[in-house]
Amino acid sequence: MAQDSVGFSSDYQFWMQKLSLWDQASTLETQKDTCLHLPRFQEFLRQMYEVLKEMDSNMIIERFPTIGQLLAKTCWNPFILAFDESQKILLWCLCCLINKEPQNSEELKLNSWTRGVVTVS
C-alpha cells in the first residue's frame, strides 16, 4: 500500500504538470499530446477516485492540497471532457470533495466551488 501511495503521488505530480502544459498551449501538438495520454490520464482519474472515496473531504485537502487545481484544469480541458468516461470519473472525484457537514468558511467555500464546477460541467 505504501508503495502504491508513493506511485500515486508521483503520478499526481506528473499529471499536474501535464495539465498545466496542456492548459497553457492550444497548439496541434498539445492536442495530440492530450489525446495520446488520455487513456493513461483516465486510468489515473480512476485510481484517484479509488483513493478519494475512502477519505473525507478534510483528509483529501490535507493530503492533496492542490486537488482543486488538478480537477479544475481537468474540467476546462475540452479534449478530456470530450469523452463520457472522463466526465463520469471527474464528477465522481469532484463529489468526493463535498463536505456533507461543513464546519467552517473554508469548507463552505470548497463546497460552493465544487458545486459550481459540477453544475457547469
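1. Arg-46 is partly exposed, with a relative accessible area of 31%. In this predicted model, Arg-46 forms a salt bridge with Glu-85, and the closest N and O atoms of the pair are 3.5 Å apart. Arg-46 belongs to helix α2 (residues 28-52) and Glu-85 to helix α6 (residues 84-96), so the salt bridge ties together parts that lie 39 residues apart in sequence.

2. Glu-85 is also partly exposed, at a relative accessible area of 29%. The figure falls between the 20% limit for buried and the 50% limit for exposed, which is why the residue is called partly exposed.

3. Glu-85 has another salt-bridge partner in Lys-88, with an N to O distance of 3.2 Å. Lys-88 and Glu-85 are 3 residues apart in helix α6, so about one helical turn separates them. Lys-88 is partly exposed, its relative accessible area being 36%.

4. A further salt bridge is found in helix α7 (residues 105-120), where Glu-106 and Lys-109 are 3 residues apart, about one turn of the helix. Their side chains meet at 3.6 Å, N to O. Glu-106 has a relative accessibility of 51% and counts as exposed, because the cut-off for exposed is over 50%. Lys-109 is exposed as well, with a relative accessible area of 53%.

5. Which residues do salt bridges with shared partners join into one network? They are Glu-43, Arg-46, Glu-85 and Lys-88. Within this group, the bridge from Glu-85 to Arg-46 runs between helices α6 and α2, while the one from Glu-85 to Lys-88 stays inside helix α6. The count of salt bridges comes to 7.

6. Is Ser-57 buried or exposed? Ser-57 is buried, at a relative accessible area of 6%; the label applies because buried means under 20%. Ser-57 is found in helix α3, which covers residues 57-63.

7. The side chain of Ser-57 makes a polar contact of 3.2 Å with the side chain of Asn-99. Setting aside neighbours within four places in sequence, Ser-57 is in contact with Cys-96, Leu-97, Ile-98 and Asn-99. Asn-99 therefore appears both in this contact list and as the side-chain polar partner of Ser-57, a residue that is itself buried.

Notes:
Residues are numbered from 1 along each chain as its sequence is written. This is a predicted model: local features need pLDDT of at least 70, side-chain atom pairs count only at pLDDT 80 or more; totals for chains, interfaces and linings use all residues. Side-chain values use heavy atoms; hydrogens and water are left out. Helices (H or I, at least four residues) and strands (E, at least two) are DSSP runs, numbered from the N terminus. Buried means under 20% relative accessible area, exposed over 50%, partly exposed in between (1.4 Å probe, protein chains only). A polar contact is a pair of N or O atoms within 3.5 Å; within protein, one must be able to donate a hydrogen and the other to accept it, and residues adjacent in sequence count only if both atoms are side-chain atoms. Contact means heavy atoms within 4.5 Å. A salt bridge is a side-chain nitrogen of Lys or Arg within 4 Å of a carboxyl oxygen of Asp or Glu.
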